[in-house]
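Work through the exercises below with the sequence and the model side by side. Try each task before reading its solution.

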Amino acid sequence: MKSALLLTSCHDQTTTVVSSSIRGHGDAQLSGKAITVALAGQPNVGKSTVFNVLTGLNQHVGNWPGKTIQQKVGTCRCNGTTITIVDLPGTYSLSANSPEELIAREYIIRERPDVVAVIINAAALERNLYLLAELLALSSPVVVGLNMVDVANHEGIKIEPEVLEAALGVPVVPMVATKNRGIDDLVATITRLVAGDVPYEPKVPEIRPDHKDVLAELYNLCGAHVPEPYPPDWVAIKLLEGDTEITRVMQDHLPDDVWQRVYAILHAHEDAVVDVAGGRYEWIGRMTRAALVRPSIGQVTVTDRLDRVATHPLWGLLLLSGMLGVVFWITYAVGAPLQAWLDSYIVGGLSGLVDNLLANAPLWLWGLVIDGVIGGAGMVITFLPILVIFFTAMGLLEDMGYMARAAYVMDRFMHLMGLHGKSFLPLFVGFGCNVPSVVGTRIIESRRARLLTILLAPLVPCTARMAVVAYLTPIFFATAAPWVAWGLILLSLLVLAVSGVVLNKVLFKGERAAFIMELPLYHVPNWRTIGLSVWQRTAEFLKKAGTLILVVSVIVWVLSVLPYGEVESSLLAGVGRSLAPVGALMGLDWRMMVALLTSFIAKENAIASLGILFGSTGLSAGGAAQEEAQLAVSLKGAFTPAAGLGFLAVQMLFIPCVATVAAIKQETDSWKWTAFSVGLLLLISFVVGIAVYQLARLVGL
Amino acid sequence: MLTELLRRVAQGGLHSAAALARELGVTEALLAQMIDDLVGMGYLRPVSGGCGGGCSACSLAGGCTIGGPGGIWMLTGKGMRMTNEKP
């Protein structure tokens, strides 16, 4: 009933089609029977709905003069007054950043409509007020149509229109345009405003005090030369804002000497644009503080509450450490027994089966398949449960939205250690894989800062290194394995921090960098997404095991039997023995050193090589099935926990895989820096490995 | 308010949008608009696609914040200069 009444009483639609030649301000005042209203607003605030309800079929659709942007003009009648309504393009501001903004402001300035009715979305009041702040600086009076109040109420946002009206000093009409509510009030308010029956004392945004004098100077210089119909005070503000269109207009109209002075002022106050816009934001803040009641804390921000802990400088770090600890504990508690089962029954069983099948085959073929393929690549396949659990845990944390918080607190941590803030993003990515970590340093503009980050990137333990840790720690440390793994990660990060501080001081000083990051909302994890992510990562791992690791396993086996068919006298042993003196400082024999060397191709190769070197008896022995499953026993028997810890420390910090080294070469575009990186990591890893081994011995491990 | 936002960011490191909005007493939606404005003015710039297409090799691609759903912006040289010059 209400809408029917509205249409008959106020929207007495005429059949007149109004052309794009709009009747202006002066005409309305003279006749009192015809007024022009410009309908302004941001996109998607219900402006078109208001226009359609008001004008019905009395619309003319064309283009704005000289533009391809649609122009809609229509009419309605209210209490004997003919209202011409011009639907301005939807804009976020009037800053001449787009043709739409330019059309909207040029129309208001040149045609001077009797009223500008700005439609704003009550559910996004703050965002919508910016346009209003700009409209108030122009000549036409403004009426605010506070639309979508139902949506705002539904979202728990309460706006008091009377308070907003008092704060703004302009009429505010609450509306729900889609339900035809409040539109008659809007039209009535417009006609009353034109008739002078409504108070109109707009509170316009002010510029910061330190630029008021500059603004006054510009006004004094330009005021007399501002062409009609531009308001001189508005022109002065737009000049200070660096508005290209107004600057061009004033350059054309100012005498040369005056323009030179204006230009000098603008050049000296280039950053005033921040103050002008900042003044509008301060004004928005005042308006919303006065009239807007936000939802209560409990409703809004479960995320906020969680983040008080998760992003806290201290609690956030402790939480991250705890999370890593839990991930490793679950990985060991569930994954390690499964890995041992796979090792014993699948790899061992497969070896036994193939052993029988190849009973009459040549000895080299038997050795290649049993020792090289199954003992090497097959051993790596037993990582699968550990990796699946690890990937699931990481996927869960990512999908819940926690990983962004981890990045956030890690950045603070790195800053405390004197690291470059900008480096955190690529370094954090390194937890997954060092290759994108190195490539990701492209976000860093300073070459020296990039180099530093590239040098540090391989010190972030990637999943492949952690898989090796996950395999070896239970062998040497049984139930204490999760703590050791956790400690090794902390050791890596500590070394990274110390290296960062040292290199930072050597390579560059005092450069700051700053980021703003949107932390996504926490949400209930989607198991399908996590499952897909785990599957992709697992498939990638299996692909690597079936290609790169398999090939390296075969090469390692061939080198371990050439030339005499004995591991002890093989080419590989020769290479390994040359490194034995260094290894001895860490309690490692040549086989462990070879394992380290082969990890250069892919980190998992360390285990594959140990599988071959400790499982193989060259080309002279049978009964491989039992031997393949005995790597854990062999390692435990051959090395003390101190040596095991030394090996793990070295492999955490050792030269990264060949793919990462290739990425370093690509990104630094320098063999010198690539060699420096490799040399630095060799030095760091051996120094730390020796220190860890010697310390572990001292404490009796 | 924009100056205050830039000044806080320029202290260095990583700032969460939520924390900045809280400190400035505005909603995150308004902060997003302020960030857009500062990008338009050349004081901030969005960081995206930083890994140069290395995502396929990265196990963190799914939850990556570089070019992911949550935006990241960095202070530009112009932003840094302005905050250095202003008290």
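**Exercise 1. The two chains**

What percentage of the 87 residues of chain B count as buried?

*Solution.* Start with the ground rules. This is a predicted model, in which local features need pLDDT of at least 70 and side-chain atom pairs count only at pLDDT 80 or more, while totals for chains, interfaces and linings use all residues. Residues are numbered from 1 along each chain as its sequence is written, and chains are lettered from A and ligands numbered from 1 in the order in which they are written.

Next, apply the burial test. A residue is buried if 20 or more other C-beta atoms lie within 10 Å of its own, exposed if 12 or fewer, and partly exposed in between, with C-beta atoms placed from the backbone. In chain B, 51% of the 87 residues count as buried. In chain A, the buried residues make up 50% of 701.

Then list the elements. Helices (H or I, at least four residues) and strands (E, at least two) are DSSP runs, numbered from the N terminus. Chain B has four helices and three strands. Their order from the N terminus is α-β-α-α-β-β-α. Chain A has 35 helices and ten strands.

Last, look at contacts. Two residues are in contact if their C-beta atoms, placed from the backbone, lie within 7 Å. Take the contacts between residues at least 6 apart in sequence: in chain A, 74% join residues at least 24 apart. For chain B the figure is 54%.

**Exercise 2. Helix lengths**

Check the end-to-end distance of helix 16 of chain A against its expected span.

*Solution.* The expected span is 1.5 Å times one less than the number of residues. Helix 16 covers residues 315-357, which is 43 residues, so it should span 63 Å. Its end C-alpha atoms are 59 Å apart, which agrees.

Now look along the helix. Helix 16 of chain A bends by about 40° at Gly335(A). The bend is the angle between axes fitted to the seven residues ending at a residue and the seven starting there. A proline, Pro337(A), follows Gly335(A) within four residues.

Repeat the check on helix 33 of chain A, residues 641-653. Its 13 residues should span 18 Å, and its end C-alpha atoms are 18 Å apart, which agrees. Of these 13 residues, 13 are buried, so helix 33 of chain A is largely enclosed by the rest of the structure.

**Exercise 3. Helix against helix, across chains**

Describe how helix 13 of chain A meets helix 3 of chain B.

*Solution.* Two packed helices are described by the angle between their axes and the distance between the axes. Here the axes of helix 13 of chain A (residues 272-291) and helix 3 of chain B (residues 28-41) come within 11 Å and cross at roughly 170°. The two helices are therefore roughly antiparallel.

Name the residues. Chain A's helix 13 uses Val273(A), Val274(A), Ala277(A), Tyr281(A) and Ile284(A). Helix 3 of chain B uses Leu30(B), Met34(B), Asp37(B) and Met41(B). Sorted by type, the contact has eight nonpolar residues, no polar and one charged.

**Exercise 4. Helix 10 and its surroundings**

Why is helix 10 of chain A described as largely enclosed?

*Solution.* Seven of the ten residues of helix 10 (residues 232-241) are buried, so this helix is largely enclosed by the rest of the structure. Among them are Val235(A), Ile237(A) and Leu240(A). The buried residues pack against helix 9, helix 11, helix 12 and helix 13 of chain A.

Check both sides. Just after helix 10 of chain A, Gly242(A) takes a positive phi of about 80°. In the loop between helix 9 and helix 10 of chain A lies Pro229(A). The peptide bond from Glu228(A) to Pro229(A) is cis, with omega near 0°.

**Exercise 5. Two positive phi values**

Is Met148(A) buried or exposed? Do the same for Asp669(A): buried or exposed?

*Solution.* Met148(A) has phi near 60°, and is not a glycine. Its loop runs between strand 6 and helix 6 of chain A. Met148(A) has 25 C-beta neighbours inside 10 Å, so it counts as buried.

Asp669(A), also not a glycine, has a positive phi of about 55°. This residue sits in the loop between helix 34 and helix 35 of chain A. With 8 other C-beta atoms within 10 Å, Asp669(A) is exposed.

Key:
Axes fitted to C-alpha atoms, helices over the stretch in contact; angles between N-to-C directions. Parallel < 35°, antiparallel > 145°, perpendicular 65-115°, else oblique. Nonpolar A, V, L, I, M, F, W, Y, C, P; charged D, E, K, R; others polar.
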